[in-house]
Amino acid sequence: MSDAAAADAALAEADRSLRAADPERWRTTLFAGGVARARLVAIYAFNVEIARVRETVSEPMLGQIRLQWWREAFDEIEAGKPARKHPLVEALAAVRPDFGPLREAIDARERDLDDAPFVDLAEMTAYAQGTGGSIARAAFGAPHPAARAIGTAYALAGMLRALPFFARQRRTPLPLDAIAAAGLTPDAIHENKAGSALRAVVEPVASRAAALLAEARAHRVEKTSFAAALPAKVAALALRRLADAGFDPFAPALHRPHPGDIWRLWWAHSLRRF
């Protein structure tokens, strides 16, 4: 197989895995073309890979080793060495994104190996900036003033939406000080027994995400890179639905499919508004 054919096969595999694991982000890539779309697919598939590290290892040390494996793979690509025989490494080697933000995302993912809740909203936001914010910066392909805010907002909204998933693992991504101030405990959240008191914990996080989206909207995003901004529309839709559900991430309506969202993305892309 030629190098070009191998790269195409690796990118096709990244596309399939992203579509299966993160269909919402995958849909945003449909609004980019050619090399730009290939870069987005590879970056977002990489994000899925490192986000899963905690769930695929039996102890934190093994997670640290896995994350270090990715750092070393990037070092080899940048040094001009042959890419490791791993489809996603080969896909990233083919598109050559800025590996700086991706390294920052790796560093931030080390926090996943610690089950302790975030102390406060500032710590939660810093984690979202290191994970989602770094991925968005890489996705834009060049420095852009809206990128970090978009990615951070997307990550915060995503953590709220994933609260039932975290609860099943007896983990909470919510700030510990807000949980205590609401008269709750992490166990009450894990067991979905928080009731209406949960709103006092969730709403400030949602408000922070919404403020970041407003910050991002103050900056113009060119059509050629707007697909990288579309996760902001996904986050905005999620935050609106969460508000409609009374800021209850466990509400069944939040976990139903929304087939009309592809048209909402199309409209956002057409108008360049998120």
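This report describes the cavities and pockets of a predicted model.

## Enclosed space: the largest cavity

The count comes to 2 cavities of 30 Å³ or more. The largest cavity holds about 140 Å³ of space. Its lining is made of Glu24, Arg27, Arg161, Val234, Leu237, Ala238, Arg241, Leu254, His258, Asp261 and Leu265. Three elements give two or more residues each to this lining: α2 (23-29), α14 (231-244) and α15 (261-271).

Which element gives the most to the lining of the largest cavity? That is α14, with 4 residues. By class, the lining has 5 nonpolar, 1 polar and 5 charged residues. Among the charged residues are Glu24, Arg27 and Asp261. The nonpolar residues include Val234, Leu237 and Leu254. His258 counts as polar.

## Enclosed space: the second largest cavity

The second largest cavity has a volume of about 30 Å³. Lining it are Arg25, Tyr44, Ala136, Ile150, Gly151, Ala228 and Pro231. The class split is 5 nonpolar, 1 polar and 1 charged. Arg25 is the charged residue here. Gly151 is counted as polar.

## Open space: the largest pocket

About 1400 Å³ of space lies in the largest pocket. A total of 43 residues line this pocket, and the closest to its centre are Gly158, Met159, Ala162, Phe165 and Phe166. Of these, Gly158 and Met159 lie in α9 (147-161), while Phe165 and Phe166 lie in α10 (163-168).

Six helices are listed as supplying at least two lining residues each: α2, α3 (34-51), α4 (53-56), α8 (121-140), α9 and α10. Which of the elements supplies the largest share? The answer is α9, with 5 residues. By class, the lining of the largest pocket has 19 nonpolar, 7 polar and 17 charged residues.

## Open space: the second largest pocket

The second largest pocket contains about 300 Å³ of space. Its lining has 13 residues, and those closest to the centre are Asp3, Ala6, Ala83, Glu90 and Ala93. Two elements give two or more residues to the lining: α1 (3-21) and α6 (87-95). Asp3 and Ala6 fall in α1, and Glu90 and Ala93 fall in α6.

How do the residues of this lining divide by class, and how many are charged? There are 7 nonpolar, 1 polar and 5 charged residues. Asp3 and Glu90 are among the charged ones. Ala6, Ala83 and Ala93 are among the nonpolar ones.

How values were computed:
Residues are numbered from 1 along each chain as its sequence is written. This is a predicted model: local features need pLDDT of at least 70, side-chain atom pairs count only at pLDDT 80 or more; totals for chains, interfaces and linings use all residues. Side-chain values use heavy atoms; hydrogens and water are left out. On a 1 Å grid over the protein atoms alone, a cavity is a set of points where a 1.4 Å probe fits but cannot get out, and a pocket is an open set with protein on both sides within 12 Å along at least five of seven lines; lining residues have an atom within 4 Å of a point. Grid points are joined across faces, edges and corners, and a volume is the space filled by probe spheres set on the points.
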